[in-house]
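Student: Could you examine one part of this predicted model closely and then place it beside its surroundings? I would like one connected account, with the criteria stated.

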Amino acid sequence: MSEWWTYRLEDFLLFSPRVYWRMFELNNAASWPLHLLTLAAGLALVVLVLRRPRRHGFWIALVLAALFAFVGWSFLRSRYAAINWAIAYVAPAFGLQALLLAIGGAARGGLAFDRRDIAGRLGLLIAVVGLVAYPLLPPLFGRPWSSAEVFGIAPDPTAITTLGVLLAASGGLVPLLFAIPLLWLLLSGLTLHAMGDPQAWLPLLAAAITVAALALRRIAR
Amino acid sequence: MMIITRRTFVKAAAASGAALVLPAAAPGAPPAPVMRAVPSSGEMLPAVGLGTWITFNVGDDPVLRDECAEVIAAFFAAGGRMIDSSPMYGSSQPVIGYGLEKLGRPEALFSAEKVWTSSAGDGPAQIKQSRRFWGVPRFDLVQVHNLVAWETHLETLFAMKADGRIRYVGITTSEGRRHDLFEQIMRAHPLDFVQLTYNVVDREAEERLLPLAAERGMAVIVNRPFQQGALTRQLQGETLPDWAAEIGAGTWAQFILKFILSHPSVTVAIPATTRVDHVRENVMAATGPLPDAAMRERMAAYVRDL
Ligand SMILES: NC(=O)c1ccc[n+]([C@@H]2O[C@H](COP(=O)([O-])OP(=O)(O)OC[C@H]3O[C@@H](n4cnc5c(N)ncnc54)[C@H](OP(=O)(O)O)[C@@H]3O)[C@@H](O)[C@H]2O)c1
């Protein structure tokens with residue numbers, strides 16, 4: 001891009017905050033009552049990580065893969081891309097994440113959620129924040145309940161809970177699985193920041209804590 | 001039989017060089033906005049148009065789509081004609097198409113589109129897609145957005161104009177970017193329109209581009225009249241000077257628009273809005289008196305000193 005230094009972050013924002021948050025309202029109305037199912041799936045993930053029954057890795061990866069594919073299609077591709085053409089290029093990344101998760105889950109000894117170090121426990125906390133705290137945010141930021149972001153329906157809590165669960169995981173593919181949710185949260189945080197939305201720090205903080213937890217684990221080794 | 005619409009009437013009047021006599025407005029109807037000639041054709045256009053960046057990018061939201069359609073309806077009802085968009089503006093193009101369809105395809109429309117793709121070969125396909133979104137048989141004006149791949153796109157656009165597939169060719173920039181190259185292109189090519197940023201605080205265009213447009217016989221579209229709302233927001237808390245009444249400016253938005261429109265090179269300013277009352281206010285800024293040179297300096301000084 002020419003004279004790129006004259007551009008500010010806001011110059012890349014294509015839509016108003018009103019349009020952005022109404023998009024969640026419309027998406028929630030269209031997907032209700034799937035929220036109950038995705039939240040139940042999220043809680044099941046946490047229980048699977050805690051209990052570690054046989055083949056838990058397979059089931060966790062399968063659920064996450066399904067939800068990434070669903071959010072990528074139903075929210076990013078079918079809704080968000082309409083007001084932000086750049087998202088048309090991002091949505092396939094959610095598909096790729098679904099594919100990677102599916103491969104990780106199906107491969108023999110691919111994924112086990114057996115890490116109980118500090119990073120792993122912090123991960124579970126992050127996962128619960130994404131599941132429980134995220135849908136409760138709207139009144140804190142002066143928005144209607146109908147604009148709530150719910151795990152498995154909206155991208156941010158889906159990415160956050162996924163990162164949390166992944167912090168408890170071991171297996172060859174694991175490092176690869178962090179990239180897309182982290183990059184998504186960076187993009188989402190910057191978008192909210194450009195919108196002047198006070199919620200912007202949340203996705204950025206979740207990403208930063210995840211990276212810090214991974215770094216801590218490396219140092220501890 | 002030839003049906004004489006307001007548009008063909010205006011065109012014919014302009015082409016024949018006849019004095020512009022509009023049919024008497026119905027009693028109680030708002031006064032008609034001042035008309036400006038496109039130098040390359042003599043076609044007359046109302047001096048305030050409608051931008052669509054951000055404001056019309058509402059996706060598939062049915063409520064907001066209807067709100068945009070109401071803004072378009074109020075724009076035409078006030079006497080506006082030019083609507084400006086770009087493939088860069090998300091869903092703005094289909095939203096314009098929705099509004100136009102809902103209004104029964106107003107004849108007054110002057111469509112100002114852009115071509116915006118770095119792979120120059122994609123230009124024709126993109127213009128075709130934009131036409132589908134608007135639902136128009138041809139665009140009045142297509143501009144090379146921000147000079148992206150301008151050489152090839154200009155070739156395409158001049159060829160389309162020669163074939164009658166578009167009526168006018170233009171280029172755009174904003175916020176003072178690439179004025180040197182912009183000037184070179186203006187000097188080298190027979191453009192009908194140029195689009196740039198100009199307002200009471202962003203006055204760089206006065207130095208070279210605006211005089212050059214007059215010299216080269218190019219129409220000027222002014223974008224970002226309100227600095228994307230930053231300027232109107234900033235002035236909101238300030239009192240409008242008493243003497244603003246002398247030029248018929250009842251609000252800061254009208255004050256700014258009147259400053260822009262009073263530059264002799266300016267043809268149309270294209271503020272964007274989501275609000276029916278604002279679109280009326282903006283088109284109304286093109287009615288009544290406009291400031292003279294001395295008043296313009298007074299206006300600029302006043303805003304500068306706030
Ligand atoms: N490079 C390019 O080609 C280029 C670059 C920039 C812009 N453009 C074109 O130029 C158009 C105008 O520029 P822009 O959209 O950036 O900004 P703008 O027209 O300077 O400002 C738009 C903002 O002004 C507010 N506004 C409009 N009328 C008002 C009024 N009467 N009183 C108070 N506030 C008012 C609107 O808010 P409300 O919704 O509340 O009214 C909106 O937020 C664009 O839409 C686009 O079509 C082209």
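Tutor: Read from start to end, chain A follows the pattern α-α-α-α-α-α-α-α (helices are DSSP runs of H or I of at least four residues, strands are runs of E of at least two, and both are numbered from the N terminus). Its radius of gyration is 17 Å, close to the 17 Å that the globule rule gives for 221 residues, so chain A is as compact as a globular protein of that length; the radius is taken over C-alpha atoms, and the rule is 2.2 Å times the number of residues to the power 0.38. Chain A has eight helices and zero strands, and its C-alpha atoms fill a box of roughly 50 × 40 × 30 Å along the principal axes.

Residues are numbered from 1 along each chain as its sequence is written, while chains are lettered from A and ligands numbered from 1 in the order in which they are written. The model is predicted, so local features need pLDDT of at least 70 and side-chain atom pairs count only at pLDDT 80 or more, whereas totals for chains, interfaces and linings use all residues; side-chain values use heavy atoms, with hydrogens and water left out.

The part chosen for the close look is A:F75, which belongs to helix 3 (residues 56-83) of chain A. At 0% relative accessibility, A:F75 counts as buried (under 20% relative accessible area; exposed is over 50% and partly exposed lies in between, with a 1.4 Å probe and protein chains only). Once neighbours within four places in sequence are set aside, the contacts of A:F75 are A:M23, A:F24, A:N27, A:F70, A:Y80, A:I153 and A:P155, a contact being heavy atoms within 4.5 Å. One of these partners, A:F24, is 51 residues away from A:F75 in sequence, yet the two C-alpha atoms are 8.8 Å apart in space. For chain A as a whole, 75% of the contacts between residues at least 6 apart in sequence join residues at least 24 apart, and 50% of the 221 residues count as buried.

The UniProt record, an unreviewed entry, places the feature "transmembrane region" at residues 32-50, 57-76, 82-106, 118-137, 165-188 and 200-220 of chain A; its positions are given in the numbering used here, feature names are shortened, and annotations may be inferred rather than shown by experiment. Two of these spans can be set against the model. Residues 82-106 are 88% helix and 0% strand, with end C-alpha atoms 34 Å apart. Residues 200-220 are 95% helix and 0% strand, and there the end C-alpha atoms are 31 Å apart.

One backbone detail also deserves attention. The peptide bond from A:W32 to A:P33 is cis, with omega near 5°, and A:P33 sits in the loop between helix 1 (17-31) and helix 2 (34-51) of chain A.

The surface completes the description of this chain. Chain A has an accessible surface of about 10,400 Å², and 72% of it belongs to carbon and sulfur atoms (Shrake-Rupley method, 1.4 Å probe; for residues, only the protein chains shown count as cover). The mean positions of its 17 positive and 9 negative charges are 16 Å apart; Lys and Arg count as positive and Asp and Glu as negative, with His and the chain ends not counted, and each charge is placed at NZ of Lys, CZ of Arg, CG of Asp or CD of Glu.

Chain B provides the surroundings for comparison. It has 11 helices and nine strands, and its C-alpha trace spans about 55 × 45 × 45 Å along the principal axes. Of its 306 residues, 56% count as buried. Chain B exposes about 12,600 Å², with carbon and sulfur atoms supplying 55% of that area, and the mean positions of its 30 positive and 32 negative charges are 5 Å apart.

Chain B has backbone details of its own in the loop between strand 5 (139-144) and helix 5 (150-162), where B:L147 lies. B:L147 is not a glycine, yet has a positive phi of about 60°, and at 2% relative accessibility B:L147 counts as buried. B:A149 is placed in the loop between strand 5 and helix 5 of chain B and has a positive phi of about 45°, although it is not a glycine. B:A149 is partly exposed, with a relative accessible area of 26%.
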